[in-house]
Amino acid sequence: MPGFEFFGEEEKKEVQDVLDSGVLMRYGFDAMRNGHHKAKELEIAFAKTMQCDYTQVVSSGTAALTVALATAGIGAGDEVIIPTFTFVASFEAVIALGAVPVLCDIDDTLTLKPEAVEALITSKTKVVMPVHMCGSMADLDVLNKLCKKHKLLLIEDACQAIGGTYNGKQLGTLGDIGTFSFDYVKTITCGEGGAMITNSKTFADRAHMYQDHGHDHVGTDRGAESHPFLGYNYRISELNAAVGIAQLKKLPAILDIQKKHYTILRDALAAVPGVEFRRVPEGGVESYAFLNFFLPNEDLARNTHKELGKAGIDAAFYWYDNNWHYYKKWEHLLTPMSLGKLPNELQEGLKRNTSSYPNSDQWMSRTVSCLIKGSWTKEEVETRAKKLAQSVSKSLEEYHSTSI
Ligand SMILES: *Cc1c(COP(=O)(O)O)cnc(C)c1O
C-alpha cells in the first residue's frame, strides 16, 4: 500500500515550485505565489479521480474525519456507530466533537455487520461510519438502506481503500461523505494529509470554512473575511499538497501493481486447503492494498503468523493483538483515560460500549493480513507467494498432526 515507495523526481519538482515561491500556505499571498495553488490543484484533481463534486483537502485523515463529522453537524452526545476493527482515528475524531463512538460488531467483510448496526440505533444515533479496512468494503447497499430508513448519515472512512469501487463507484462516494488519509504509509501520501469528499454543496461549503477557523473565503483580504461559525485549523500546507499532486498521478499505476502482486499471492494461497478469504460484498472491487485471509481457528492463525515471521515474510499482520486497530487494546477509550475531563454526555454515552464483541473476535482472531507492496520485483513476489503457501500449509499440517 505505501505510496512512499514511489517517491521520486515528480514529487520533488512539485515541492520545488513551492520552495521557489516561498509561499508555504494555501491561502493569501497571491502576488508572491507564481500562480501556484497546490492545495486547490490537488482538490480539483482528487474530485476528478473520485468522480465526485467536491473535495476538501486537510492536514490528515484524522482531520478529514473530524471535519466530515463537524460539517454534518455532529456534536455533544450524538452517537456515531463505528466498527471494532478500525484505526483509533475513527473514535478520536468522534470524541473530539464531544460525540459518542458506539462500537459495533463486524462480520466476514471485516467491517460493520448490518444487523449489529441496526440493533445499536437509538434516538441519539446520527451517523453510521463503515471503515473500509485493508482495501475492502462494507455491505454498502444494505447500510445505505438502513441509513435511509432511520434517517442517518453514512460517512465512509476509506483511508485504507483508495481506488476500491462498489457498484462501479469509487469508495468514499457511496454515502454522504467519504474520507481519505495521505499519511506516510497510505497508498498515496502527502507526508501528512487527508481529504474529505462529498456531492453535497452544503457540506462542502461548511468544510472549507470549518477547516480554516471559520473563514468564509470571500474577497481578497483574508483579515477582512467574516466567520459564519466556529472552526479550527486543519489546513494542509502547500508543501504537503505538492507531494500529493505528484502521488495522485501515480495512483492508477500503484493500483495496477497492487492488483498484480495481490493476485500472485492469493492464487498461491488459494491452493492451500483450510484457507478462506475475507468476503468482498457483491458489486465490490478491492483496492488490493492487503491480502486478508482466515484460518480455521485462533490457534492456527497465531501459529501461521509466527510461521510467516520465521520464513522471513515481513509485513504480515495479526490485527487481533494490535494496539491501534482493534478494540481489545483500547482501554483508553473504554475506561476512558483522558488528560482532562471529558464532556458529561460523552462520559455517559461511552458506557454503552461493552467490552465484549464475540462476532468480531470470532473473525479477527482467525484473520491474518499481508500488506501488498509495490516495490517488489517479479522474482520477489513469486518467492514470497511460494513461501507464504508453504508456511501456511506447514502450520496447518503441524496443527492437524498434533491434534489427532
Ligand atoms: C490512516 C487512517 C486514518 C487516519 O489518518 P491519518 O492521516 O494518519 O490521521 C483513519 N482511518 C483509517 C482507517 C486509517 O487507516
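**Close-up 1. Strands β4 and β5 pair in parallel.** In this predicted model, β4 covers residues 125-128 and joins β5 through 2 bridges. Within the pair, V127 stands opposite L153 of β5. Helix α6, residues 140-149, belongs with these two strands. Together β4, α6 and β5 make a β-α-β unit, and the unit is right-handed.

**Close-up 2. Strand β5 is largely enclosed by the rest of the structure.** The strand spans residues 153-157. Buried here means under 20% relative accessible area. By that cut-off 5 of the 5 residues of β5 are buried, so the rest of the structure largely encloses the strand. Both of its faces are covered. One side carries L153, I155 and D157. The other carries L154 and E156.

**Close-up 3. Strand β5 also pairs with β8.** Strand β8 consists of residues 177-181. The two strands run parallel and are joined by 3 bridges. D157 of β5 stands opposite T179 in β8. D157 is also one of the buried residues of β5.

**Close-up 4. Strands β7, β6 and β11 form an open sheet.** The order across the sheet is β7-β6-β11, and its 3 strands pair in the antiparallel sense. The edges are β7, residues 169-170, and β11, residues 284-285. Each edge strand pairs on one side only. Strand β6 holds residues 165-166 and makes 2 bridges with β7. Across this antiparallel pair, T165 stands opposite Q170 of β7.

**Close-up 5. Helices α1 and α8 cross at roughly 150°.** Helix α1 runs over residues 9-21, and helix α8 over residues 238-270. Their axes come within 8 Å. Angles over 145 degrees count as roughly antiparallel. The crossing therefore makes α1 roughly antiparallel to α8. α1 passes α8 in the right-handed sense. On the α1 side, the contact is made by E10, E11, E14, V15, V18 and L19. On the α8 side, the residues include E238, L239, A242, V243 and I245. A246, Q247, K249 and K250 of α8 also take part.

**Close-up 6. Helices α3 and α4 pack at an angle of about 40°.** Helix α3 comprises residues 61-71, and helix α4 residues 89-96. Their axes lie 9 Å apart. The two helices are therefore oblique to each other. Their crossing is right-handed. From α3, the residues in contact are T62, L65, T66 and L69. They meet A89, S90, E92, A93, V94 and A96 in α4.

**Close-up 7. Strands β10, β12, β14 and β13 form an open sheet.** The 4 strands follow the order β10-β12-β14-β13, with antiparallel pairing. At the edges are β10, residues 276-277, and β13, residues 316-317. Each of these edge strands pairs on one side only. β10 and β12 are linked by 2 bridges, and β12 spans residues 290-294. In this antiparallel pair, E276 stands opposite F294 of β12. Helix α8 packs on the sheet and touches β10 and β12. The direction of α8 makes about 15° with that of β12. Besides this packing, α8 also makes the contact with α1 shown in an earlier view.

Conventions: Residues numbered from 1 in each chain as written. Predicted model: local features only at pLDDT ≥ 70, side-chain atom pairs only at ≥ 80, totals over all residues. Heavy atoms only, no water. Pairing = 2+ DSSP bridges. Buried < 20%, exposed > 50% of the residue type's maximum accessible area, 1.4 Å probe, protein only. Right-handed = clockwise from strand over helix to strand, strands pointing away. Axes fitted to C-alpha atoms, helices over the stretch in contact; angles between N-to-C directions. Parallel < 35°, antiparallel > 145°, perpendicular 65-115°, else oblique. Left-handed = near helix turned anticlockwise from the far one by under 90°. Contact = heavy atoms within 4.5 Å.
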